[in-house]
Amino acid sequence: MTALTTPAARPSQRAGTTALSFTGVLRSEWIKLRSLRSTIWSFVILVVIALGMALLMSLSYVSGGPLDGADAAGLPSAAQADLLVQASTFGAYFGQLVVAVLGVLVITGEYSTGMIRSTLAAVPTRLPALAAKGVVLFAATFVMGAISAIGAFFVASAVFADSGIAANLLEPDVILPMLGSALYLGLVALFALGIGTMLRSSAGGIATVVGVLLVLPLVLQMIPADWVQDVLPYVLSTAGVSLFADTTAAADAAPSWENLLIVLGWVGASVAGAAVLLKRRDA
């Protein structure tokens with residue numbers, strides 16, 4: 001009589017259940033981000049907008065503008081640097097809409113194609129997948145935002161050169177606002193990622209983010225009430241613009257670090273809501 005025994009699991013089978021490390025999740029999210037056509041087109045449009053707006057703004061100053069025929073070379077160095085910073089960061093006003101759309105599409109695209117099931121199957125705890133998406137999206141947007149602003153600086157410098165206006169790119173008054181615009185664009189992309197994760201709809205997510213960035217401050221400014229003036233500084237786009245634009249002329253202007261905290265509050269609320277709903281809902 002022959003005895004039947006259950007074969008023991010092989011070591012190679014047990015090793016196959018090893019969880020994916022966060023570095024591996026980061027790598028997979030980076031591959032997904034750079035392989036999307038929407039990513040490539042969004043960053044190309046971001047750069048084109050930054051360079052184009054810098055060209056238009058600088059030309060408007062020197063051709064029929066306030067510097068046309070004036071002795072611009074005699075301006076103080078701080079005023080010359082301010083002109084170049086304004087032209088170099090002007091594209092960020094429009095670029096925020098581009099990165100907002102990208103932030104929504106990064107997550108809603110996975111829901112529309114069903115890839116989110118594979119993502120969550122590979123990362124059952126789910127939150128590392130959301131964190132990895134946020135890290136690669138913020139890093140890529142920040143780098144492209146910085147490249148756009150620096151490229152715009154050289155475009156504006158070339159136009160202003162005939163008027164004798166110049167500034168050192170590495171001066172803190174020049175480079176810090178440019179990095180501030182890149183930081184704001186990266187945070188807007190993160191905010192949009194959180195909204196897209198909560199709504200799981202491309203149209204709904206884009207409409208919501210654009211509404212917060214553009215429609216909300218316009219609607220508030222139309223309300224004839226004193227309390228609106230107290231609320232406006234806490235709107236996402238109002239606080240974010242102060243990270244790269246000179247708002248010190250306003251009597252009640254808040255310091256940059258306070259505006260950064262306000263923007264981080266919006267981003268934190270969006271990402272926290274996304275994390276809670278991602279854990280509770282089915283894919």
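**How many cavities of 30 Å³ or more does the count come to?**

Before we start, some ground rules. This is a predicted model, so local features need pLDDT of at least 70 and side-chain atom pairs count only at pLDDT 80 or more, while totals for chains, interfaces and linings use all residues. Residues are numbered from 1 along each chain as its sequence is written, and side-chain values use heavy atoms, with hydrogens and water left out.

**Exercise 1. Count the cavities and describe the largest one.**

Step 1. Get the idea first. Rolling a probe the size of a water molecule over the atoms shows where empty space is left. On a 1 Å grid over the protein atoms alone, a cavity is a set of points where a 1.4 Å probe fits but cannot get out, and lining residues have an atom within 4 Å of a point. Grid points are joined across faces, edges and corners, and the volume is the space filled by probe spheres set on the points.

Step 2. Count. The answer to the opening question is 3 cavities of 30 Å³ or more.

Step 3. Look at the largest cavity, with a volume of about 80 Å³. It has 13 lining residues, and Ala50, Gly91, Ala92, Ser148 and Ala149 are the closest to its centre.

Step 4. Ask which elements are involved. Helices here are DSSP runs (H or I, at least four residues), strands are runs of E (at least two), and both are numbered from the N terminus. Helices H3 (37-62), H4 (77-89), H5 (92-113), H7 (127-160) and H8 (172-199) each give two or more residues to the lining of the largest cavity.

Step 5. Sort the lining by class. Ala, Val, Leu, Ile, Met, Phe, Trp, Tyr, Cys and Pro are nonpolar, Asp, Glu, Lys and Arg are charged, and the others, Gly among them, are polar. For the largest cavity that gives 6 nonpolar, 7 polar and no charged residues.

**Exercise 2. Do the same for the second largest cavity, then follow two of its lining residues.**

Step 1. The second largest cavity has a volume of about 40 Å³. Its lining residues include Ile107, Arg126, Lys133 and Leu278. H6 (115-122) and H7 are the elements that give two or more residues to this lining.

Step 2. By class, the lining splits into 6 nonpolar, 2 polar and 2 charged residues.

Step 3. Take Lys133, which is found in helix H7. Lys133 has a relative accessible area of 3%, so it is buried. (Buried means under 20% relative accessible area, exposed over 50%, and partly exposed in between, with a 1.4 Å probe and protein chains only.) Leaving out residues up to four places away in sequence, Lys133 touches Glu29, Lys32, Val106, Ile107, Glu110 and Leu193. Contact here means heavy atoms within 4.5 Å.

Step 4. Now Arg126, in the loop between H6 and H7. Arg126 is buried too, because its relative accessible area is 17%.

**Exercise 3. Find what is unusual about the backbone at Arg126 and Arg200.**

Step 1. Recall the rule: most residues other than glycine have a negative phi.

Step 2. Check the angles. Arg126 has a positive phi of about 70°, and Arg200 has a positive phi of about 55°. Neither Arg126 nor Arg200 is a glycine.

Step 3. Place Arg200: it lies in the loop between H8 and helix H9 (202-222). Arg200 is partly exposed, because its relative accessibility is 30%.

**Exercise 4. Test the length of helix H12 and see what it packs against.**

Step 1. Work out the expected span, which is 1.5 Å times one less than the number of residues. For the 25 residues of H12 (residues 256-280) that comes to 36 Å, and the end C-alpha atoms are 36 Å apart, so the two agree.

Step 2. List what is buried. In H12, the buried residues are Asn259, Ile262, Val263, Val267, Ser270, Ala274, Ala275 and Leu278.

Step 3. Look at the spacing. An α-helix has 3.6 residues a turn, so residues three or four places apart point the same way.

Step 4. Find the neighbours. The buried residues of H12 pack against H5, H6, H7, H8 and helix H11 (236-241).

**Exercise 5. Step back and describe the whole protein.**

Step 1. Count the elements: 12 helices and 0 strands.

Step 2. Check burial: 41% of the 283 residues are buried.

Step 3. Check the contacts. Among those between residues at least 6 apart in sequence, 81% join residues at least 24 apart.

Key. On a 1 Å grid over the protein atoms alone, a cavity is a set of points where a 1.4 Å probe fits but cannot get out, and a pocket is an open set with protein on both sides within 12 Å along at least five of seven lines; lining residues have an atom within 4 Å of a point.
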